[in-house]
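Let's take a walk through this one together, a step at a time. Have the viewer open and be ready to turn things around as you read.

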Amino acid sequence: MTPVVVEIAASNDDDKAQRSRVEAASPRLRGRQLDDDDSSVLVKGTVVRSGAYSDFLIKLPNSPQTKVDSFKAEQLFEGVVTSVDYDNKSFWVRLRDLSRKSGDEEAEILMAEVPGDDWPLIIPGAIFEWNIGREVRDRQVRRVSDIRFRRYFSFSQETVKAAEKKAHEFAALLSEVNDYPTEYSS
Amino acid sequence: MIQNKSQPPEVLGEVLSIVFIGDFNPAIYQPSWFAAKGLMREAEAESAQVSMIHPEYAGFSTDWFKLEVTREKFTITTTSAAFKTRLRDLVISAFNILSQTPIRQMGINFDERLRFRSERDWHCFGHFLVPKTAWGKLLDKPGMRSVAIEGKRNDEIPGLIVILANPELGAPCEATLRANNHFENPNTNQNGTPYFLQLIGENYDRIMEESTDLLGKLIGNFVEQATFDDGSAT
């Protein structure tokens, strides 16, 4: 069977997934010549027409781009929750400015600054990133502040090894201090 | 040969992506699945733009990432380096759940779209990447369409770095550079997924930083060069 190329136009009118109609002999499917554009996805399938099976290739349009065309970060913080005040609906954090590599700071953040979907993640020890920057969306430029709790986190081996090394150094230092004679020692 | 004092091009945008080659079931990768597993905000899943969810292909995008999955390829993309950590987290957490998915190869890619200050600079960049004397003997007015140069990695990880460059033919003075970090499963008798996830978890930040530096050095070398081989006589 000669492959038949059809094109399905993506509809963005509703939020539900476009369902493939490739099994149906739909008059809305139009045959088109394949071209050199390799930016689309080719999907193989079988269509039934008048009781006969035909192999076909579907050239899908490019999937929609991200709604944010670009984001230029001006400041990026990594934070960890130190305590949560449920009465005042706020939480205390320790922040590290990754964009300027400056020292840690402490701050109180209102829960209202965080999208509701992330509220269950606001617990002591939780890690988040705080992006402040310029977002381009539909050719509009606006400044945004986005706090997003990390839904997966694990320390890399390098981080663990570095922390262990630091721990050993501190342990050695404390051990030296404890052994060092002072005027008060007997 | 021509002389040119080139200016650093403007960076119009960047794209970061993680690509897996393996065997996938595209129908799984729906926004609702990511939200149900706690990998994505519910609101993001509900507002995701879905192009298709089908046994052969799944594609959707949110504010900050785009996902496309076919039977053989998984591609997740974001358009800002500010989102690189969450991209990494999403991929690792998804495939920790789908740990039985066979993955054979991985690419960690960093793209930059550039706009050169003048058409002359743009052409000189092409001459910088592909000197034209040899081509001028074969073709009339040779011009670079695309170039890919592969190199060995300088870390201990089996794989390659491939730098790709191509002009944007529809947009004069623009070009795209890509640093493709390519990795293979070193043990083909085992599922590569745990290996690739560990590789991402431990090296992703460094790889992205090195990729950014690499493209920066390429552009820096171009700006420093004063003479370009455009195939013309000296």
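A good place to jump in is a single pair of residues: B:V162 has B:N180, in strand 10 of chain B, as its bridge partner. Keep in mind that this is a predicted model. The pair belongs to a longer run of pairing, in which strand 9 (residues 159–167) and strand 10 of chain B are joined by nine bridges and run antiparallel. Follow the chain from strand 9 to strand 10 of chain B and you'll trace a hairpin, with six residues between the two strands. Look for B:C173 in that turn, as its phi is positive, at about 80°.

Now go to the other neighbour of strand 10. Strand 7 of chain B is also antiparallel to strand 10 of chain B, and here eleven bridges hold the pair together. Two spots are handy for getting your bearings: B:D111 has B:R178 of strand 10 as its bridge partner, and B:R113 sits opposite B:T176 of strand 10. As for what such pairing involves, strands of a sheet pair through backbone hydrogen bonds, either parallel or antiparallel.

Zoom out and these strands turn out to be part of something wider. Nine strands of chain B make an open sheet, in the order 3-4-5-6-2-7-10-9-8, with antiparallel pairing. At the edges are strand 3 (49–53) and strand 8 (147–152) of chain B, each of which pairs on one side only. Neighbouring strands in this sheet are turned against each other by 10° on average, if you ignore direction.

So which helices should you look at next? Start with helix 4 (residues 119–129) of chain B, where eight of the eleven residues are buried, so this helix is largely enclosed by the rest of the structure. Those eight are B:D121, B:W122, B:H123, B:C124, B:F125, B:G126, B:H127 and B:F128. Their cover includes strands 9 and 10 from our hairpin, along with helix 6 and strand 11 (227–228) of chain B.

Helix 6 of chain B, residues 193–224, deserves a look of its own: a kink of about 65° is centred on B:N203. The buried residues in helix 6 of chain B are B:T193, B:F196, B:I200, B:Y204, B:I207, B:M208, B:S211 and B:L215. When you read a list like that, it helps to recall that an α-helix has 3.6 residues a turn, so residues three or four places apart point the same way. Covering the buried residues of helix 6 are, among others, strand 2 (10–22), helix 3 (84–97), strand 7 (103–115) and strand 10 (174–184) of chain B.

Taken whole, chain B has six helices and eleven strands, and its C-alpha atoms fill a box of roughly 65 × 40 × 30 Å along the principal axes. Of its 234 residues, 38% count as buried. Among contacts in chain B with a separation of 6 or more, 68% are between residues 24 or more positions apart.

That leaves chain A. It has eight strands and one helix, and from the N terminus the order is β-β-β-β-β-β-β-β-α. Here 12% of the 186 residues count as buried, and residues 24 or more positions apart make up 48% of the chain A contacts with a separation of 6 or more.

Note on methods
Residues numbered from 1 in each chain as written. Chains lettered and ligands numbered in written order. Predicted model: local features only at pLDDT ≥ 70, side-chain atom pairs only at ≥ 80, totals over all residues. Helix = DSSP H or I, 4+ residues; strand = E, 2+ residues; numbered from the N terminus. Buried ≥ 20, exposed ≤ 12 C-beta atoms within 10 Å, placed from the backbone. Contact = placed C-beta atoms within 7 Å. Bend = angle between axes of the 7 residues up to and from the residue. Pairing = 2+ DSSP bridges. Axes fitted to C-alpha atoms, helices over the stretch in contact; angles between N-to-C directions.
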